[in-house]
Every structure is written in C-alpha cells, then in structure tokens.
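Biologist: I would like to go through this structure with you, one question at a time. Could you show it first?

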Protein chains: 2
Amino acid sequence: MPSVPVTTSRREQILVEAARLFARHGFHGVSIDGIGAAVGVSGPALYRHFPSKEGLLAEMLVGISEHLLAGGQERAAETTDPVELLEALIAFHTDFALHQPELITVQDRDLANLPDAARHRVRGLQRAYVEVWVDALCRAGFAANEEAARVRAHAAFGLMNSTPRSAGHTRPDVAAPLLVAMARAALHARV
Amino acid sequence: MPSVPVTTSRREQILVEAARLFARHGFHGVSIDGIGAAVGVSGPALYRHFPSKEGLLAEMLVGISEHLLAGGQERAAETTDPVELLEALIAFHTDFALHQPELITVQDRDLANLPDAARHRVRGLQRAYVEVWVDALCRAGFAANEEAARVRAHAAFGLMNSTPRSAGHTRPDVAAPLLVAMARAALHARV
DNA sequence: CGCTCACGTTAGTGACCGTTCACGTCCCCT
DNA sequence: AGGGGACGTGAACGGTCACTAACGTGAGCG
C-alpha cells in the first residue's frame, strides 16, 4: 500500500508538470499549450480541470501553504519544549524543501501573479506558518522580541530554501544534515 | 561631493525604476510602457537607451554579478586568514542585500528570462563569486570538501538574501547584526 | 544661419497567448 | 439500447505587448 496513489489523476499530473515548468521559466514564461504538451494533451484541455491559468497557480500555491502550515501546527501540537519544537520544524521544512524544490521556487517567485483573493489567502497561511516559528523562537529565548524572531524565521527559510540553487549538483542525503545543522546554528546564534 | 552623482542620467533612472518594477511584478509582468511611465517618458523612448527589454535586464543582472564578484575578489585579495575573510564577505554581502533588496530579488528570479549569451555570462560571474566563498570555507576547515562548501555558500546566500521577505517591516540597522550573526553561525556550524 | 545628433512622441504591426466555441468520442448507468 | 456526462480536439477571437517607423524639437557648433 504505497503512500502515493498509483493512479495519478489528470489534475495531479497537470499540477506536477505545471510546477516544474513554472519553476524553470516562471508563470508568464509558460503557455497553456506548453503545460498541455507536458502532460500529453494539448492546449485548452486544461480548462476541463481548472477555471483558468491563474486558478491553476492558485491551487498550487494554496496547497503548498496549507501543507506547510498543517505540518507546522502538527509539530507544535505534539511538542511542548520550544527548542525541541524548533528541531522538529527544521527537520520538517528541510525535508519539504529538499524533496519539492520546484514548489519552493514557485511559491516565492510567483506569488505576485496570483489574483487578489488567492494571494491574500496564501499570504494569510504563510503568516500563520511564520507565527508558529516566531512563537517557538520567542519561547526558546532565541529572539529578543517578535520582530527579531520574524527576521530569524525568514532567514532560516531562506537558508533551507536554498536547495533549488545547490541541488541538482548535490544528493539530498548529503545536503540534508548540513542544512539542518546550519539552520539550527543560525537560529540559536547569539547576536 | 556626494558619493552618488547629483545628475542621474536617464539610463540610470531607467535601470533603477525597472529594477523596482521587475522586483515587484516580475520581468514579464512589467511592460515597456510601464517602465517608461515610471521615469516620466512614455513607451518606446527606452529604445534610445537600450537595444531591447531583454537587453535592459541583461545590463542589470550583469551589473549585479560584476559588483558582487568584484567585492568578493577585493576582500579575498586584502585578507589572508580565511576566517577573517569570511567575516568580510558576510559583511559585504549582507550590506548589499540590505541596501539593494530589489536587485537581489530580480537577480535570482529573472535569470531565466535572459537571452542565452547574457545568461551564460551571469552564470559564469556567479560561479566565480561562489568560488571565492568556497575557497575560503575550505581553507577555514568549515567544509569537508568543495561540494559541501558549495551547499554552505548557497545556504548562506539564501539566509542573507532573505531581506526582501522580512524587510519593509524591519529597519536595516536592526536586521544587519542579526543576519551577520546568523550567517556566521551557520557557516561555522559543525555537522 | 543651418547641419547634426540626442532624445522624444504617436501610430502602427505582427506575434503570442489566454480563453471560448462547436464539435467528436468513449464510458457508464438505467 | 440509448442518453448523458467526462474529457479531448482544432479553429477562431480579442487583447496585450515588444518593437519599428515616421516625424518633431531643441541644443551644440562650424
């Protein structure tokens, strides 16, 4: 019983291939026909599955934000000790960044291309995810105040999300412990 | 005698405003007319100063890469001790990222939109800049091999380049020491 | 003065692209 | 059997946009 469904629906195929293309060429650098071709159908067939090109992007980015927030909240619910929680958050986020580099890339490059409603939705989810980190950082005593905690959290994201830049050259199993150690050291660092 | 020229040429105006617009909306999300309007002329006047929209982007990205490489090589020439050199590189890069967040954003988001020749040029310059860091990291004993050093360097860039995400909310003079301390800790971290 | 050249302007033009339309096909369900 | 819905196709449409063309203007200068 595999953790990934054996029969990948057309919808999911489209989402996966679109993510790859968006990551490589940017939202506006990819055409509807291009996405269709990548999944073996052509052109306007996408409109059987998504309301528009922007709607496709919206589903992608909302999905990512929800996944991250859910993972963060799950760890926060399981772990009371803030230092331990940070450790779990680092492991979770690093794992995601290493296994889904395209999603990471699209997430912070093409947010601006979302229609207003979806963009606000994603921003809200992202803010909530950041708050999980900020709360842990404050409770752990690693940040003087929330502003500093936010800077630290974003810096850690930047660090862990660097994988799309150095991956391809590097196997995930060698990069992972390195990134985890670096993120931990950065978050613990006294200024 | 100001360090910034009093009379900003039209060319420079265009480069500055285009950087702001590209950072906010992405290369394909900004029209020639939009750039013109931002500098008070309209539309195709740009072609008096740049051969094409892609040429404008090329000049921008090549300029950034050259600036970073020059700064890195300068520090490397002045400093023999590798740990000290890393300190200088961190200060240099953090300062750039904090004061030019738009350039940082465009640099790693719109590389793919360059024509082939310019893109290879920029990639070469970036590689050379990374090599300055990799060399220092290896000599300092902070990385087991060049592969690990490259991962570390990219992770540090991601950390320092996070400023566009958390800036706007945060004054540079409070973020700077924090980012420097985090980058140092991350680079020194034992795995 | 009159030539030139740097710098603008407005009005096209051709290409691309998101989206819609009219139509076909195959499977499922009563 | 047959009807309907899910899914796909190719053709057309409308808008946007990079880029070009034709033209204007004013400053430097012999």
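Biologist: In which helix is the place of A:A19?
Modeller: A word first: this is a predicted model. Residues 10-25 of chain A form one helix, and A:A19 is placed there. That helix is α1 of chain A.

Biologist: Is A:A19 buried or exposed?
Modeller: Its relative accessible area is 4%. Buried means under 20%. So A:A19 is buried.

Biologist: Which residues is A:A19 in contact with, leaving aside its neighbours within four places in sequence?
Modeller: A:P177 is 26 Å from A:A19, C-alpha to C-alpha, and 158 residues away in sequence. Contact means heavy atoms within 4.5 Å. The contacts of A:A19 are A:M60, A:E102, A:L103 and A:V106.

Biologist: Now A:T105. Is A:T105 buried or exposed?
Modeller: A:T105 sits in helix α5 of chain A. Beyond its neighbours within four places in sequence, A:T105 touches A:A23 and A:P164. Its relative accessible area is 15%, and the cut-off for buried is under 20%. So A:T105 is buried.

Biologist: What are the buried residues of helix α5 of chain B?
Modeller: This helix covers residues 101-109. Its buried residues pack against α5 of chain A, and also against α1, α3, α4, α6 and α8 of chain B. They are B:L103, B:I104, B:T105, B:V106, B:Q107 and B:R109.

Biologist: Is B:G124 buried, partly exposed or exposed?
Modeller: B:G124 lies in helix α6 of chain B. B:S65 is 59 residues away in sequence, yet 9.0 Å away in space, C-alpha to C-alpha. The relative accessibility of B:G124 is 32%, and partly exposed runs between 20% and 50%. So B:G124 is partly exposed.

Biologist: At what angle do α6 and α7 of chain B pack?
Modeller: Two packed helices are described by the angle between their axes and the distance between the axes. Here the axes are 9 Å apart. α6(B) passes α7(B) in a right-handed crossing. The angle is about 115 degrees.

Biologist: How many charged residues are in the contact of α6(B) with α7(B)?
Modeller: On the α6(B) side, the contact includes B:W133 and B:E131. On the α7(B) side, B:R150 and B:F157 are among the residues met. By class, the contact has ten nonpolar residues and one polar, and the charged residues number four.

Biologist: How many charged residues are in the contact of α7(A) with α7(B)?
Modeller: The two axes come within 7 Å and cross at roughly 145 degrees. A:A155, A:G158 and A:L159 meet B:A155, B:G158 and B:L159. Four of these residues are nonpolar and two are polar, and the number of charged residues is zero: there are no charged residues.

Biologist: Which residues touch the most other members of the largest nonpolar core?
Modeller: That core has 131 residues. A:L159 has contacts in both chains, including A:L179, A:M182, B:A155 and B:A186. The residues that touch the most other members are A:W133, A:L159, B:W133 and B:L159.

Biologist: What is the area buried between chain A and chain B?
Modeller: The size of an interface is often given as the accessible area lost when the parts come together. Here 36 residues from chain A and 36 residues from chain B take part. Carbon and sulfur atoms give 72% of the buried area, which is about 2800 Å².

Biologist: Which residues of chain A lose the most area to chain B?
Modeller: Together they account for 21% of what the chain A side buries. They are A:V151, A:L178 and A:M182.

Methods: Residues numbered from 1 in each chain as written. Chains lettered and ligands numbered in written order. Predicted model: local features only at pLDDT ≥ 70, side-chain atom pairs only at ≥ 80, totals over all residues. Heavy atoms only, no water. Axes fitted to C-alpha atoms, helices over the stretch in contact; angles between N-to-C directions. Helix = DSSP H or I, 4+ residues; strand = E, 2+ residues; numbered from the N terminus. Left-handed = near helix turned anticlockwise from the far one by under 90°. Nonpolar A, V, L, I, M, F, W, Y, C, P; charged D, E, K, R; others polar. Core = buried A, V, L, I, M, F, W, Y, C linked by side-chain atoms within 4.5 Å. Buried < 20%, exposed > 50% of the residue type's maximum accessible area, 1.4 Å probe, protein only. Buried area = accessible area lost by both parts, 1.4 Å probe.
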